Amino acid sequence: MNILSIENLTKSFQENPLFENIQIGISRGEKIGLIGVNGSGKSTLLRLIVGEEKPDTGRIVIRQGIKVGFLEQEPIFEDHLTVWDAIFETTHPVLQAVKNYQRALRENQNIEQATAAMDALEAWNVEYKIKEILGKLGIHNTTSPVYTLSGGQRKRVALAKVLLKEPDFLILDEPTNHLDLDVIEWLEDYLSTSTLTLLVVSHDRYFLDKVTDVIWEIDQKRIFRYEGNYAFFLEARQARLENQQSQAEKAQKLFQKELEWLRRQPKARGTKAKYRIDAAQLLRQKSYDVAEEKRMDLSIKAQQQGKKILEVERLSKSFGDKIILRDFSYVFKKNEKIGIVGKNGTGKTTFLRLITQQILPDSGTINKGENTIFGYYSQEFISIPSEKRVIDVVKDIADFIDLGNGNKISASQFLSNFMFSMSKQYDYVSKLSGGEKRRLQLLLILAKNPNFLILDEPTNDLDIFTLTALEQYLSDFQGCLLIVSHDRYFMDRLADHLWIFEGNGLIRDFNGSYSEYRAQEVQKQKEKNLVIEPHKTITPKSKTSLKASYKERQEFLTLETQIAQLEQQKNDILIKMSNNKAATHQQLYEWAKEIQNIDSLLEEKTNRWLELSELDGIE
């Protein structure tokens, strides 16, 4: 059943058409990844769907009763709000009851009234879910003002807000930007096991591969649909492009024949067969309507490195009581590629700013080789005058760019290599999309032929096609490379070894890939959580046991009913699978996924049931 239909949709941006006459739909339960080059209209399409922008022509219809949740790429909150108020900035009665109950507890006022409202709306399970989601997202201090939060923290607050609304149809624009890997992995599990319908824009290929079952690609002002995850999309897209190329070649040959026929007609004849002329025009259009592979050409050679590259000796840095770096020493080697990982706030960006001498250490020395040229791609947008044209920004560096291999190309050709069309080159910087500005930022850094590249979250805001070209360039890069990123695919492909920022100034060297590191960390966590109790003794509850409140007794009774219902649902599906010998692979997959979801809920509710059963007054 379609929950969303897009009919004959056309939208232009500053006179440039993004897409024309799109017709496509979304069925209930589908999980769709939306990809395309920067500036192709991905975010615009999301805003059109939620009604924040209007199409030029056509319409978008969402089935009545479908609740939509939307996470923007850069969430905006009113600064005077606390985290708690920002999350529950909604009229939903259950969420309002939870909000009022939490306020009553903090202020120690109207607790009975707030408790009664929670009981009436059966909101206790919602409160438990709220605490779980906030905990998983690392949101602990809910009384902090929003204006004090970093970009990553705001993203988490916005994500919590949209998830807690429990939408039927969830739309996410780059949800993994600025998130720790622990949070990304939790979000993957949450989305892949949920029954909601999903439309997500993301550059994270591991995320897309795990979460999505359909890919939409915006290309040639159209949307191409691929049934499968990201790995399947790569194969299917290549087949589509090869088929289009073949069709274009055939159309070109037919066009040449029609052109010859038209030229052979007597000049004196006033009118030629109109249908032949029209057919020739159509063939000509078809022969040129093939998408060229959008690929960046990063044929830039780094400056040659000297014997001494960079030496860091006994480096220390603190901000007040917070220790960022403690007595750190390292001698960088030629062509070394190091990935830097760690939770937000452990000092990764500070370290990069220290070695590039943007800030001073408390103690220690940094010695840079004479031939070492830094290229620093930071998380923040570099300051580019918005009133300048794109080509003038590049010409401020040089009219001709030295590729470092004895060749020079014009500023215009250099921009073309970075997928800036001629019309884009003469646009003002203010008209570029966020991803296009990032691509321009990368261009300006590489134009200086650095031999020591420092990339701080380079995958944020760049499209998948740009990332693929960048990865190829970096894998062949003849220089040193330092990367801070939460993108597992990017790090797996490029880093020779990792520096793990563990907090409190400690840095651990890990000789392996990012995926190997994560697998090791998951195993450690499992071992830590494993409690071996060979001789557990059941003892009667002591008189000092905690007394169950009224709401806890009600929750206990509700859990018993819910657990029984879930077990019955699971049994019904197992019987269905056993009796239905003619079931298709897709049906079996869907039933197995339902059982997985039920098992997860059963574990969660059983653990809570056991926890409550230890309280006095629970029978």
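**Entry 1: H3 against H5**

I looked up the packing of helix H3 (residues 93-107) on H5 in this predicted model. The two helices pack at an angle of about 75°, and their axes lie 10 Å apart. I therefore recorded H3 as roughly perpendicular to H5, since angles of 65 to 115 degrees count as such. From H3, I listed Val94, Leu95, Val98, Tyr101 and Gln102 as the residues that meet H5. On the H5 side, I noted Trp124, Val126, Glu127, Ile130 and Lys131. I then sorted the residues of this contact by character and obtained seven nonpolar, one polar and two charged.

**Entry 2: H5 against H6**

I next turned to helix H5 (residues 124-136) and helix H6 (residues 151-164). Their packing angle is about 150°, with the axes 10 Å apart. H5 is therefore roughly antiparallel to H6, the cut-off for that term being over 145 degrees. I also noted that the crossing of H5 past H6 is right-handed. H5 contributes Lys129, Ile130, Ile133 and Leu134 to the contact, and H6 contributes Ala160, Leu163 and Leu164. I classed six of the contact residues as nonpolar, none as polar and one as charged. Ile130 of H5 appears in the contact with H3 and again in the contact with H6.

**Entry 3: aromatic pairs**

I searched for pairs of aromatic rings and counted 18. One of them is formed by Tyr226 and Phe233, with 5.0 Å from centre to centre and 80° between the planes. I entered this pair as edge-to-face. Tyr226 and Phe233 are both buried. I also found a cluster linked by ring pairs, which takes in Phe328, Tyr330, Phe332, Phe351, Phe374, Phe452, Trp499 and Phe501.

**Entry 4: positive phi outside glycine**

I kept in mind that most residues other than glycine have a negative phi. Against that background I examined two residues.

Glu174 is not a glycine, yet its phi is positive, at about 50°. I located Glu174 in the loop that joins strand S6 (169-173) to helix H7 (181-193). Is Glu174 buried or exposed? I found Glu174 to be buried, with a relative accessible area of 6%, because the term applies under 20%.

Gln357, likewise no glycine, has a positive phi of about 60°. I placed Gln357 in the loop between helix H11 (348-355) and strand S13 (363-368). The relative accessible area of Gln357 is 52%, and I therefore recorded this residue as exposed, a term that requires over 50%.

Terms used. Residues numbered from 1 in each chain as written. Predicted model: local features only at pLDDT ≥ 70, side-chain atom pairs only at ≥ 80, totals over all residues. Heavy atoms only, no water. Helix = DSSP H or I, 4+ residues; strand = E, 2+ residues; numbered from the N terminus. Buried < 20%, exposed > 50% of the residue type's maximum accessible area, 1.4 Å probe, protein only. Axes fitted to C-alpha atoms, helices over the stretch in contact; angles between N-to-C directions. Parallel < 35°, antiparallel > 145°, perpendicular 65-115°, else oblique. Left-handed = near helix turned anticlockwise from the far one by under 90°. Contact = heavy atoms within 4.5 Å. Nonpolar A, V, L, I, M, F, W, Y, C, P; charged D, E, K, R; others polar. Phe/Tyr/Trp six-rings, centres within 6.5 Å; stacked < 30°, edge-to-face > 60°.
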